[in-house]
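Let's take a walk through this model together, one feature at a time. Have the sequence and the coordinates open as you read.

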Amino acid sequence: MSIRIAARGLAALSVFLLAAFGNPGGARAQWQINVAAIDLGAALHAQSVPDLFGLDSVALARGEILTKWNRVAAEIAADRDVLRRCREAAVTCPAPAQKLLAVIAEGQGREGRIGTINRAINLAIKPMSDLAQWGVIDRWSAPLETLGSGRGDCEDYAIAKYVALGEAGIGENDLRLVIVRDLSLGEDHAMLAVRDGEKWLLLDNRRLVLLEDGELQRVEPLFALNRDGVREFTPSALADERTAAATVPSSLAETAQ
């Protein structure tokens, strides 16, 4: 954004010089040319920044995962109302909200806030399957419910990080809850993806180290979720990913050989 502003400043200077030397018509035309060139350059730069996993995706209009996300998004909105009220009157703040606010405060304003909040959430929640905790195969929980029980599975970690980083100042356009297929384990797995400059970092409850999306091996990206809804990675892109993954032997296969 600062580069674009500086470029517009230079464009304005050139127009001012033309006008100052008695050519207002030329100044107006030059301004239009300069602004068009700047806007085109900014658009091309935006297109050059790869999206998550470098893959195309399409918006989902229906489906089970969209239904789940819409439900938990409503619960997230309710949790954010609780956090707002806690900031206004800390005396009546419930314990789970106090825990989340402490995590947010720990990362807020720090240069390393992404790693700080990833670590804090990973340590605040004990891994437990939905079947063991709730008696159902799959249940997504908003952060205050998760921190209230102190337990959750991969989606619950990712959702808590999504809210914590958003409250700590990361723009929601730079946050994605991602669902991938773990080809090594043969199961789906959820993480949070955070755009940091021109790269995507993956926050995983299985590790404290942050990986870039291109470093993640033997996974098939399935869905990306944020405030705009759910996007599914396109079949053609996934076919390329499957082909690439098939060329990398798994440790299990190597052991069997």
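**The disulfide and a helix pair**

The structure holds 1 disulfide. Keep in mind as we go that this is a predicted model. The bond joins cysteine 86 to cysteine 93, and their sulfur atoms lie 2.2 Å apart. If you look along the link of cysteine 86 and cysteine 93, you will find 90 degrees about the S-S bond, which makes it right-handed. Both partners, cysteine 86 and cysteine 93, are buried.

Another cysteine is worth a stop. Is cysteine 154 buried or exposed? Its relative accessibility is 13%, and buried means under 20%, so cysteine 154 counts as buried.

Now turn to a pair of helices. Helix H3 spans residues 64-88, and helix H8 spans residues 154-167. The two pack with their axes 11 Å apart, at an angle of about 45 degrees. Angles of 35 to 65 degrees fall outside the roughly parallel and roughly perpendicular ranges, and H3 and H8 are therefore oblique to each other. As for handedness, the crossing of H3 past H8 is right-handed.

Which residues make this contact? On the H3 side they are Trp69, Val72, Ile76, Arg80, Leu83 and Arg87. H8 contributes Ile159, Tyr162, Val163 and Glu167. Sorted by character, the residues of the contact of H3 with H8 comprise 7 nonpolar and 3 charged, with no polar ones.

To bring the two parts together on your screen, select cysteine 86 and cysteine 93 for the disulfide, then show H3 and H8 for the oblique packing.

Terms used
Residues numbered from 1 in each chain as written. Predicted model: local features only at pLDDT ≥ 70, side-chain atom pairs only at ≥ 80, totals over all residues. Heavy atoms only, no water. Disulfide = S-S within 2.5 Å. Buried < 20%, exposed > 50% of the residue type's maximum accessible area, 1.4 Å probe, protein only. Axes fitted to C-alpha atoms, helices over the stretch in contact; angles between N-to-C directions. Helix = DSSP H or I, 4+ residues; strand = E, 2+ residues; numbered from the N terminus. Parallel < 35°, antiparallel > 145°, perpendicular 65-115°, else oblique. Left-handed = near helix turned anticlockwise from the far one by under 90°. Contact = heavy atoms within 4.5 Å. Nonpolar A, V, L, I, M, F, W, Y, C, P; charged D, E, K, R; others polar.
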